[in-house]
Amino acid sequence: MQVITAISEMQQWSQQQRRMGKTIGVVPTMGYLHDGHCSLIERAATECDAVVTTIFVNPLQFGQGEDFERYPRDMERDTTIARAAGSSVVFAPTTAEMYPSGFATTIDVGPIAERFEGAFRPGHFRGVATVVAKLFNLTQPHVAYFGQKDYQQCLVISQMVRDLNMDITLRILPTVRDQDGLAMSSRNVYLSAEQRRTASLLYRALQAGIDAIARGERRREHINKRMQEILDQIPDARIDYAAAATAERLEEPDEFPPGASVVLLLAVRIGSTRLIDNMLTTVPYD
Ligand code: AMP
């Protein structure tokens with residue numbers, strides 16, 4: 001496995017792979033890799049001839065006062081994990097090369113980026129879309145792999161790929177969870193032992209929402225309340241949102257009709273750690 005840091009070298013490598021007729025899969029990450037990331041890399045390795053895992057903590061997607069500085073980083077550990085999972089290349093560019101002075105172009109995907117995460121983290125998805133577009137240009141993938149864990153991010157990237165006619169197939173893979181249901185996240189290392197214990201209530205809240213819908217609840221406020229009641233049991237928690245929305249456009253009707261695809265979205269701060277999670281379901285017919 002190669003480790004590439006220079007943009008020019010990454011582009012040359014991608015061009016060469018394409019000239020040889022190889023399919024390229026890309027897995028964009030911010031590093032501090034865990035089994036969730038590995039599931040994406042492993043799938044890419046089974047579907048593509050060459051896999052690029054990108055590792056870049058993207059300053060453009062962090063707001064003022066967020067955790068850009070303290071975001072966990074460990075390149076040596078990451079390269080070992082990325083290699084074992086089947087990466088051909090780790091691409092880890094420097095911030096200076098990604099955003100040289102004078103850098104000015106950003107990508108705005110419209111309304112889908114303004115709800116939920118976008119409302120609580122203004123500019124976040126502009127940063128995400130911009131860096132992912134750059135990473136696509138640098139790695140020239142045929143297929144790009146993302147986790148459902150960041151559900152709204154998947155919608156944002158899909159919108160961008162569609163609107164800008166990028167010739168890239170997106171694969172969205174299921175959320176990998178710890179045994180107690182907590183979605184794996186690089187940010188979980190911020191949690192104290194006690195916080196980590198109660199963090200599994202996010203999973204339980206989502207399940208309660210899913211159960212309510214399965215039992216026939218279609219009223220959005222009632223579904224949200226079921227989730228809220230469980231999250232309220234977490235000491236020291238601040239709930240940014242616990243919301244049911246339409247899966248495709250994240251709209252919030254008063255009631256979801258039978259057959260509707262619904263996503264349950266959570267963003268919760270436990271102490272200073274902000275966690276997000278989600279689950280998808282379909283409203284049953286009577
Ligand atoms: P991140 O490094 O957190 O930016 O995540 C990089 C990619 O891995 C994104 O597509 C995430 O959605 C995905 N990912 C993060 N956590 C998980 C998880 N627990 N299960 C599956 N995919 C994940």
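Around the ligand in this predicted model there are 17 residues, and those that come nearest are Met-30, His-37, Asp-150, Val-176 and Met-184. A residue is counted here if one of its heavy atoms lies within 4 Å of the ligand. By residue type, the shell divides into eight nonpolar, seven polar and two charged residues. In that split, Ala, Val, Leu, Ile, Met, Phe, Trp, Tyr, Cys and Pro are nonpolar, Asp, Glu, Lys and Arg are charged, and the others, including Gly, are polar.

Where do these residues come from? Strand 2 (24-29), helix 2 (35-47) and strand 5 (143-147) each supply at least two of them, and the largest share, three residues, belongs to helix 2. Helices (H or I, at least four residues) and strands (E, at least two) are DSSP runs numbered from the N terminus.

Three polar contacts with the ligand are worth a look on your screen; a polar contact is a pair of N or O atoms within 3.5 Å.

| Residue | Protein atom | Ligand atom | Distance |
|---|---|---|---|
| His-37 | polar side-chain atom | oxygen | 2.9 Å |
| Asp-150 | side-chain N or O | oxygen | 2.7 Å |
| Met-184 | backbone N or O | nitrogen | 2.9 Å |

Taken alone, the ligand exposes 480 Å², and the protein buries 93% of that area. Accessible areas come from the Shrake-Rupley method with a 1.4 Å probe, and for residues only the protein chains shown count as cover.

Now to the protein interior. The largest nonpolar core has 46 residues, of which Phe-136 and Leu-250 touch the most other members. Such a core is a set of buried Ala, Val, Leu, Ile, Met, Phe, Trp, Tyr and Cys residues joined through side-chain atoms within 4.5 Å. Helix 6 (residues 124-139) gives the most to this core, with nine residues. Because domain 1 (2-173) and domain 2 (187-280) both contribute residues, the core lies between them; the domain bounds come from an automatic or database assignment.

Two acidic residues round off the tour. Asp-277 lies in strand 9 (residues 273-282) and is buried, with a relative accessible area of 3%. The C-alpha atom of Asp-277 is 9.7 Å from that of Met-184, 93 residues apart along the chain. Glu-194, in helix 8 (residues 193-198), is partly exposed at 43% relative accessible area. Buried means under 20%, exposed over 50%, and partly exposed in between.

Residues are numbered from 1 along each chain as its sequence is written, and side-chain values use heavy atoms, leaving out hydrogens and water. Local features need pLDDT of at least 70 and side-chain atom pairs count only at pLDDT 80 or more, while totals for chains, interfaces and linings use all residues.

Key: Polar contact = N/O pair within 3.5 Å; in protein donor to acceptor, adjacent residues only side chain to side chain. Buried < 20%, exposed > 50% of the residue type's maximum accessible area, 1.4 Å probe, protein only.
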